[in-house]
Amino acid sequence: RRLAAVDAPALERLACSATLPDYLGGGQRTVASSRVLQVPRGSMVDVVFHATKPLVAAAVTLPAPGAAAGSEGAETIASLAAAAGPSPRAIAARIGPADGERTVVATFTDVDGLPNREPIAVVVVAVPDEPPQVAVRMRGISTAVTPAARIPLVGAVSDEHGLDSAAVSVAVKEGSTHTLPVERVRPGAAQAEFTDESPEVVALETLGLAPGGTIAVRLTARDGCALASGPNEGASDDWSLDVVAPETLMAMLEAREILLRRRFESVVSDLALSRERLATAAVGNPAADGEGDADFGADEAGGDGVALEVARLAAAAARAAGETAEIAESFRSIRAELDNNRMLTPELEDRLVTQIAEPLRAVATADLPALATAAKAAAPADRDALLGRVDAVLAKKRAVLDKMMEMETYNEVIEILRDVIRTQE
């Protein structure tokens with residue numbers, strides 16, 4: 001008598017595919033084989049367990065949710081028994097519609113009457129349909145709008161399986177809510193982009209708003225999910241805006257201009273102070289201004305006061321470049337806000353952009369960086385040439401500052417005229 005050792009049957013490979021729900025376009029999708037099978041929620045899942053040996057019996061069961069593999073009371077969803085002809089080596093089963101997590105267990109009995117040693121378990125995980133992603137912001141609008149304003153929205157709306165619709169809601173505090181459809185979001189599209197050149201514009205003029213109220217603006221997008229839970233929604237932030245009269249908004253913007261002018265005065269003063277320190281620094285005697293500079297000490301300057309002030313000038317020019325660029329952009333924002341509220345005139349655009357924002361941007365992107373570079377490379381002997389460069393930059397900055405002062409005087413005159421008109425009324 002001879003004994004032969006044989007192996008118990010085991011899983012050779014697993015094949016899985018998912019039939020998508022109709023709202024996702026239907027059709028089959030191959031699922032990567034692993035012990036965790038991820039499929040879109042609502043899919044019908046087909047799994048095929050391939051054994052290492054011919055089988056005389058096999059079964060696929062679904063344990064109760066939360067029960068361990070091999071526990072009693074499992075539901076049998078597929079089985080096979082010995083049949084005439086070659087013994088099969090695989091068993092197929094269908095599960096679905098997928099929802100949540102379900103464990104699927106396969107058991108084999110081979111032609112030698114041996115069962116598999118351990119239950120063969122895989123987990124089917126239904127991946128929920130996520131809400132649309134809404135990443136948009138207002139452009140050229142701050143905290144207040146006029147009743148005739150246009151609110152540009154820039155950004156993107158997207159969904160992994162496709163969008164269905166989108167709308168902007170304008171809710172009036174203690175009043176009605178207006179819903180404005182976003183026509184550029186097409187059913188089935190994966191994404192809709194709103195660029196600076198082509199924003200989504202929300203027109204308030206047709207809504208009949210009156211000054212003195214408050215509105216909340218929000219963009220909401222829906223997908224095409226047709227499962228029992230219904231469509232998913234994603235929304236932007238809620239933007240709360242005061243509705244004001246044009247003259248009120250103009251006064252707010254004029255106040256912002258004054259703050260920007262004072263900030264720019266400080267930038268000019270800082271650079272001018274660095275220039276004076278360089279002009280009065282003595283060779284071989286580090287400047288003793290009492291401030292203490294953590295970045296530029298006397299040792300680093302080689303004991304030379306001029307070298308120390310040259311290094312400080314380079315840092316001041318770099319700071320001024322960043323500050324000046326921000327101020328230029330702030331003036332452009334004022335221009336955009338006037339335009340979005342239908343208050344921009346050719347005269348205002350000329351002052352804000354041509355006379356202020358563009359010259360500031362030119363100084364911030366060209367003159368000041370060039371001055372900082374020259375200062376970093378300068379030697380003490382180059383002091384006079386460097387002072388000349390600083391004077392040229394300061395002259396440009398002061399010319400813009402003069403335009404700001406003219407604007408402030410102009411605004412004061414306009415406010416006096418407004419007071420006169422109000423008095424006459």
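**Exercise 1. Work out how far this predicted model can be trusted, and where caution is due.**

Step 1: Start with the overall score: the protein has an average pLDDT of 88, and 88% of the residues score at least 70.
Step 2: Now look for the weak stretch. Over residues 285–303 the pLDDT is below 50, although this stretch has 24 contacts in the model beyond near neighbours in sequence.
Step 3: Where pLDDT is low, the predicted coordinates should not be read in detail.

**Exercise 2. Describe how helices H1 and H3 pack.**

Step 1: Locate the pair: H1 covers residues 246–280 and H3 covers residues 346–377.
Step 2: Take the geometry. Their axes lie 14 Å apart, at an angle of about 25 degrees.
Step 3: Angles under 35 degrees count as roughly parallel, so H1 and H3 are roughly parallel to each other.
Step 4: Add the handedness: H1 passes H3 in a left-handed crossing.
Step 5: Finish with the residues in contact. H1 contributes Met250, Glu257, Phe264 and Leu271, while H3 contributes Leu348, Leu352, Leu360, Leu368 and Leu371.

**Exercise 3. Trace the open sheet of 5 strands.**

Step 1: Write down the order, S3-S9-S8-S5-S6, and note that the pairing is mixed.
Step 2: Find the edges: S3 (36–40) and S6 (75–81) each pair on one side only.
Step 3: Check the twist; on average, neighbouring strands are turned by 20 degrees against each other, direction ignored.
Step 4: Zoom in on S5 (residues 55–62), which pairs with S6 in the antiparallel sense over 6 bridges. Here Ala58 stands opposite Leu80 of S6.

**Exercise 4. Assign the faces of strand S16 (residues 200–203).**

Step 1: Glu200 and Val202 form the covered face, Val201 and Ala203 the uncovered one.
Step 2: S12 (residues 150–158) runs antiparallel to S16, joined by 4 bridges; Val202 is the bridge partner of Ile151.

Conventions:
Residues numbered from 1 in each chain as written. Predicted model: local features only at pLDDT ≥ 70, side-chain atom pairs only at ≥ 80, totals over all residues. Heavy atoms only, no water. pLDDT = per-residue confidence, 0-100. Contact = heavy atoms within 4.5 Å. Buried < 20%, exposed > 50% of the residue type's maximum accessible area, 1.4 Å probe, protein only. Helix = DSSP H or I, 4+ residues; strand = E, 2+ residues; numbered from the N terminus. Pairing = 2+ DSSP bridges. Axes fitted to C-alpha atoms, helices over the stretch in contact; angles between N-to-C directions. Parallel < 35°, antiparallel > 145°, perpendicular 65-115°, else oblique. Left-handed = near helix turned anticlockwise from the far one by under 90°.
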